[in-house]
Amino acid sequence: MGRKIDDHFIIKIEDMSDRGEGIGRDNGFIWFVRDTVPGDVVEAAVTGVKKTYGHAVAVHFLLHSPDRVEPFCPYFSHCGGCQLQAIDYLSQLRLKDEMVKNQLKRIGAVANADELVRPVLGMDNPWRYRNNEQFFPGLEENGRPAFGFYAERTHRMIRQDDCLVGAQENSPILRVIQKYMEDYNIRPYDENDQSGTVNRVQIRKGFATGDILVCLKIHGHISDLKEPQVLIDRLTALFPDYQSGMCAPDEPHIESVCCQILDTKGAEGAVVNLYGPGFITEKTGHITYRISPASFFQVNPSQTERLYKTVLSMAALGGSETVWDLYCGIGTISLLLAKSAKQVYGVEIVPQAVNDARENARLNGIENVSFFAGKAEQILPRQYEKNRIFADVTVLDPPRKGCGKACLDTIIKMRPSRIVYVSCDAATLSRDVKILSEGGYELKQVQPIDMFPQTIHIENVCLLLRSGEKDDHDTVT
Ligand code: SAH
């Protein structure tokens, strides 16, 4: 190809990378072009060249994609959290549909992906959906702390504390924290010289209960947060109606304030409770959950209801089944399934999440579940080999890196008749589907659910049946 840095060339953008760059192809060579979307035709300037691909920036637009819209968020191109804001929502869904099908075909060797993948379940209003976000403080040019991000290649902090996919309450909460930091000279953490205290702030909200948890993640010692009571008083004063009992019980309100100590490498340590019970409560369907700061919980509550309904209907339980719910978090899926199963076993690696899961079972009066704390790829083989615990149905909901190989191997040996695989990464899902198909399972259905509008990410729920097994249950969503 022979293109060099700063060469200009014309390219049509056809695809999108998982980092949100447009992708174009030129004689088999792949170009990642910044600030472009599929359908654009641009004059691009080369910024980097590798063996089979290169990076470029758009310097001139010859054709704007018909799918383009004006991004809602003024900081869209700097922040990097949302990759798809420049594309209208229906086109985002179309792009995700193609992405899922392509990954399944290419990585998963699923030849009939076009038939198996159902239309993506999108949102009516794809904004303000996130119930959990982290915000990073820095110093503005005048030396005052603010939440936002640094403009590229500079040390200039751009204040941005109202993320449009997050809850409306985040911004006033962050303003209170910022003022508190300023008043008591508590500095943002600076990783360059490891000075300062506050690394980031996590805000988590129960959409059905109004509970809000604020967690300051700091370096150093809890005593570096001077006068924490002032912070608590100011935060709780933000929602006066709730305090006076003048409004509905699900009105937003500060339920808990806590602080988590990070080590120098950034690993999360002990959580110190400063105010409230140290967790929030949330409801999905008929189940009530307690969620601690370190526990995973699905980020999009309204789409989570649809996700769990899909899981439940694909699991097609009749009441007599033994179910393994691997990567179970705080036991959300385990508890939903327990009502229609004989016994459910959950496995989760984060100890606080397992505590939450056990407490949630108790809270909901569900007795036919038990939870194991540890790695799914260790617990499952051990329980299967030693204690002969079988499963009729297995639910998998691993993090983005997918399932551990030992976990898949044990499932193949254990031969459950159904596997419901929930995934937030179509590439690792496809890799694991291939392993399961080689182990005697057939992919029957894939339901993409848009849990993360404006971003490149997409959730999928898949049903796999042991080959020869008949699917006589209709899946409804
Ligand atoms: N099914 C749950 C959680 C899914 S997220 C829900 O819907 O809420 C994936 C979970 O897997 C997280 O809670 C994470 O802590 C956990 N996890 C990550 N690696 C693991 C492993 N090797 N073994 C077991 N759990 C793991």
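Which polar backbone atom is 3.3 Å from a nitrogen atom of the ligand? In this predicted model, that atom belongs to Ile-349, and another backbone contact is found at Ala-376, where a polar atom is 2.8 Å from a nitrogen atom of the ligand. A side chain also takes part, since a polar atom of Tyr-308 lies 2.7 Å from an oxygen atom of the ligand. The ligand taken alone exposes 570 Å², of which the protein buries 91%, and the elements that give two or more residues to the surrounding shell are α8 (332-338) and α10. The shell holds 17 residues around the ligand, and those that come nearest are Gln-298, Tyr-308, Glu-348, Ala-376 and Asp-397.

From α10 the reader can pass to helix α11, whose buried residues pack against α10 (376-387) and also against β17 (322-326), β20 (393-396), β21 (418-423), α12 (426-438) and β22 (441-449). Within α11 (residues 405-414), the buried positions are Cys-407, Leu-408, Thr-410, Ile-411 and Met-414; because they cover an arc of only 160° around the axis, they lie on the same side of α11. The helix is followed by Arg-415, whose phi is positive, near 55°.

The cysteines deserve a separate look. A search of the whole structure finds zero disulfides, and Cys-403 accordingly is in no disulfide, the nearest cysteine sulfur, that of Cys-407, being 5.0 Å away, whereas a disulfide would need the two sulfur atoms within 2.5 Å. Cys-403 is buried, with a relative accessible area of 6%, and Cys-73, at 10% relative accessibility, counts as buried too, because the cut-off for buried is under 20%.

Terms used. Residues numbered from 1 in each chain as written. Predicted model: local features only at pLDDT ≥ 70, side-chain atom pairs only at ≥ 80, totals over all residues. Heavy atoms only, no water. Buried < 20%, exposed > 50% of the residue type's maximum accessible area, 1.4 Å probe, protein only. Helix = DSSP H or I, 4+ residues; strand = E, 2+ residues; numbered from the N terminus. Arc of directions from axis to C-beta. Contact = heavy atoms within 4.5 Å. Near = heavy atom within 4 Å. Polar contact = N/O pair within 3.5 Å; in protein donor to acceptor, adjacent residues only side chain to side chain. Areas by Shrake-Rupley, 256 points an atom, 1.4 Å probe, with all protein chains shown as cover.
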